[in-house]
Amino acid sequence: MTTATRQEVLGLYRRIFRLARKWQAASGQMEDTIKEKQYIVNEARMLFQKNKNLTDTDLIKQCIDECTARIEIGLHYQIPYPRPIHLPPMGLIPLRGRGLRSQEKLRKLSKPVYLQSHDEVS
C-alpha cells in the first residue's frame with residue numbers, strides 16, 4: 001500500500017469515528033441513537049479488520065469507494081445501515097436462455113458499490 005493510499009484509508013477510518021460520535025438517529029430517540037452509533041463503530045472495525053491485509057491496489061480502491069459511498073448514503077438518508085437491493089430471483093435478463101447460474105452471476109455484477117462487502121441474504 002502506498003503512503004497516499006494509507007493516509008486516505010486512515011482518514012476514512014477517522015471520519016467514520018467522528019461521524020459516529022456526532023450521529024443522531026432520525027427518530028430522535030436516545031436508544032436508537034446509541035444503537036446506531038454502536039452499529040457504525042462495530043461495522044467500521046469489522047470491515048477495516050477484514051480488509052487490513054489487502055495488497056491489490058484495485059481491491060483497496062474498491063473498498064475506499066464503498067466506504068465513501070456508504071458514508072455519503074448514510075448522511076443523505078440519515079440511516080447508518082446499508083440500503084438493501086430488491087431483485088426478484090429471476091428478475092434479470094438472462095444471456096441467451098442460460099439458467100440459474102447466469103442469474104447468480106448477473107445478480108453479483110448488479111450489486112451496488114455500497115453493498116460489495118455484504119453477502120446476499122435471500
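Helices here are DSSP runs of H or I with at least four residues, numbered from the N terminus. With that convention I place Arg 14 in helix α1, which covers residues 3-22. I note at the outset that I am reading a predicted model.

**Entry: the chain as a whole**

I looked up the secondary structure and found 4 helices and 0 strands in the protein chain, so that the pattern along the sequence reads α-α-α-α. I then looked up burial, and buried residues account for 28% of the 122 residues in the chain.

**Entry: charge on helix α1**

I returned to Arg 14 and asked which residues gather with Arg 14 in a patch of positive charge on the surface. The patch is made up of Arg 14, Arg 18, Arg 21 and Lys 22. Arg 14 itself has a relative accessible area of 43% and is partly exposed, which is compatible with the patch because membership asks for over 30% relative accessible area and no salt bridge.

**Entry: salt bridges**

My search for salt bridges gave 4 in the structure, and I went through several of them in turn.

I began with Arg 15, which pairs with Glu 72, the closest N and O atoms being 2.8 Å apart. This pair links distant parts of the chain, since Arg 15 sits in helix α1 and Glu 72 in helix α3, 57 residues apart. I checked the exposure of both partners: Arg 15 is partly exposed at a relative accessible area of 31%, and Glu 72 is likewise partly exposed, at 38% relative accessibility.

Next I took Glu 43 and Arg 70, whose side chains meet in a salt bridge at 3.2 Å, N to O. Glu 43 belongs to helix α2 and Arg 70 to helix α3, so the pair ties together parts that are 27 residues apart in sequence. Are these two residues buried or exposed? Both Glu 43 and Arg 70 are buried, and for each of them this means a relative accessible area under 20%. I also noted that Glu 43 and Arg 70 do not stand alone, as Glu 43, Glu 66 and Arg 70 are linked in a network of salt bridges.

The last bridge I examined joins Asp 65 to Lys 61, with the closest N and O atoms 3.3 Å apart. Here both partners belong to helix α3, and, being 4 residues apart, they are separated by about one helical turn. Asp 65 counts as partly exposed at 34% relative accessibility, and Lys 61 is partly exposed with a relative accessible area of 44%.

**Entry: aromatic rings**

I searched the whole structure for aromatic pairs and found 3. In one of them, Tyr 13 and Phe 17, the ring centres are 4.8 Å apart and the planes stand at 70°, so I record the pair as edge-to-face. Tyr 13 and Phe 17 are 4 residues apart in helix α1, which puts about one helical turn between them. Tyr 13 is partly exposed, with a relative accessible area of 27%.

I then turned to Tyr 39 and Tyr 81, where the ring centres are 4.6 Å apart and the planes lie at 55°, so this pair is tilted. The two residues come from distant parts of the chain, 42 residues apart, with Tyr 39 in helix α2 (residues 30-50) and Tyr 81 in the loop between α3 (57-77) and α4 (100-109). For Tyr 81 I read a relative accessible area of 37%, which makes the residue partly exposed.

Finally I asked which residues form one aromatic cluster, and the members are Tyr 13, Phe 17 and Phe 48.

**Entry: Gln 78 and Ala 69**

I checked the backbone of Gln 78 and found phi near 60°, a positive value in a residue other than glycine. Gln 78 lies in the loop between α3 and α4 and is partly exposed, with a relative accessible area of 33%.

My last check concerned Ala 69, a residue of helix α3 that counts as buried at 17% relative accessibility. I compared its position with that of Pro 82: Ala 69 and Pro 82 are 13 residues apart in sequence, and their C-alpha atoms are 9.9 Å apart in space.

How values were computed
Residues numbered from 1 in each chain as written. Predicted model: local features only at pLDDT ≥ 70, side-chain atom pairs only at ≥ 80, totals over all residues. Heavy atoms only, no water. Patch = residues over 30% accessible without salt bridge, like charges linked within 9 Å, V, L, I, M, F, W, Y side chains within 5 Å. Areas by Shrake-Rupley, 256 points an atom, 1.4 Å probe, with all protein chains shown as cover. Lys, Arg positive; Asp, Glu negative; His and termini not counted. Charge placed at Lys NZ, Arg CZ, Asp CG, Glu CD. Buried < 20%, exposed > 50% of the residue type's maximum accessible area, 1.4 Å probe, protein only. Phe/Tyr/Trp six-rings, centres within 6.5 Å; stacked < 30°, edge-to-face > 60°.
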